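Me: I'd like a close look at a single part of this protein, the loop that comes after the second helix. Could you walk me through it and then show me how the rest of the chain is laid out around it?

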Amino acid sequence: KPRMFLSFCLLVTFILGLSGCLGSYVPCEPCDQKALSMCPPVPVGCQLIKEPGCGCCLTCALSEGQACGVYTGTCTQGLRCLPRSGEEKPLHALLHGRGVCT
């Protein structure tokens with residue numbers, strides 16, 4: 001019985017450790033005045049969005065026909081990032097930025 005209890009404890013420890021790993025994330029640095037002061041000039045003549053990921057700076061949304069994906073900037077309002085027609089692995093393409101703003 002002590003051996004069974006030890007196995008149970010190891011299993012619980014493993015599951016708790018695994019759930020901690022799965023629930024973890026990389027926190028973004030705050031967009032404070034210092035971070036904002038390092039941004040390039042705000043572009044003009046386009047729909048402004050925040051940079052992808054943890055970016056604080058403003059940039060242009062992607063326009064029709066530009067490459068896009070899960071980790072790229074956002075398509076401009078009214079467009080969606082879709083895999084190219086005939087793509088064999090559409091999800092894979094989007095994960096690797098091989099979609100197109102349509």
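Reply: Happy to. Let's start with Pro43, which sits in the loop between helix 2 (33–37) and strand 1 (48–50). Please keep in mind that this is a predicted model, so everything below is computed from predicted coordinates.

Is Pro43 buried, exposed or partly exposed? Its relative accessible area is 26%. Buried would require a value under 20% and exposed one over 50%, so a residue in between is called partly exposed. Pro43 therefore counts as partly exposed.

Which residues does Pro43 touch, once those up to four places away in sequence are set aside? The list is Leu48, Leu58, Thr59 and Cys60. Leu58 deserves a second glance: it is 15 residues from Pro43 in sequence, and the two C-alpha atoms are 7.8 Å apart in space.

Val42 belongs to the loop between helix 2 and strand 1 as well. With a relative accessibility of 48%, Val42 is partly exposed. Its contacts, again not counting residues up to four places away in sequence, are Leu48 and Leu58. Val42 and Leu58 are 16 residues apart along the sequence, with 6.2 Å from C-alpha to C-alpha. Leu48 and Leu58 thus appear among the contacts of Val42 and among those of Pro43.

A little further along the loop between helix 2 and strand 1 you will find Cys46. Cys46 is partly exposed, at 28% relative accessible area. Here the link across the chain is to Thr76: the two residues are 30 apart along the chain, and 8.5 Å separates their C-alpha atoms.

Now for the surroundings. The protein has three helices and five strands, which follow one another along the sequence as α-α-β-β-β-β-α-β. Three of the strands form an open sheet in the order 3-5-4, with antiparallel pairing. Strand 3 (67–68) and strand 4 (81–83) are the edge strands, each pairing on one side only. Two bridges join strand 3 to strand 5 (residues 99–101), and these two strands run antiparallel. Within this part of the sheet, Cys68 stands opposite Gly99 of strand 5.

Cys68 also takes us to the largest nonpolar core, whose five residues are Leu62, Cys68, Cys75, Leu79 and Cys101. In soluble globular proteins, nonpolar side chains tend to be buried together. One member, Leu79, is in contact with Leu62, Ser63, Glu64, Cys101 and Thr102, leaving aside neighbours within four places in sequence.

On the outside, Val70, Tyr71, Leu91 and Leu95 make a nonpolar surface patch of about 450 Å². Val70 is located in the loop between strand 3 and strand 4, and its relative accessible area of 46% makes it partly exposed.

Finally, a few figures for the whole protein. Of its 102 residues, 16% count as buried. The protein exposes about 8100 Å², and carbon and sulfur atoms supply 64% of that area. Among contacts between residues at least 6 apart in sequence, 30% join residues at least 24 apart.

To come back to your loop: Pro43, at 26%, Cys46, at 28%, and Val42, at 48%, are each partly exposed, and Leu58 is a contact of both Pro43 and Val42.

Definitions and conventions:
Residues numbered from 1 in each chain as written. Predicted model: local features only at pLDDT ≥ 70, side-chain atom pairs only at ≥ 80, totals over all residues. Heavy atoms only, no water. Core = buried A, V, L, I, M, F, W, Y, C linked by side-chain atoms within 4.5 Å. Buried < 20%, exposed > 50% of the residue type's maximum accessible area, 1.4 Å probe, protein only. Contact = heavy atoms within 4.5 Å. Pairing = 2+ DSSP bridges. Helix = DSSP H or I, 4+ residues; strand = E, 2+ residues; numbered from the N terminus. Patch = residues over 30% accessible without salt bridge, like charges linked within 9 Å, V, L, I, M, F, W, Y side chains within 5 Å. Areas by Shrake-Rupley, 256 points an atom, 1.4 Å probe, with all protein chains shown as cover. Salt bridge = Lys/Arg side-chain N within 4 Å of Asp/Glu carboxyl O.
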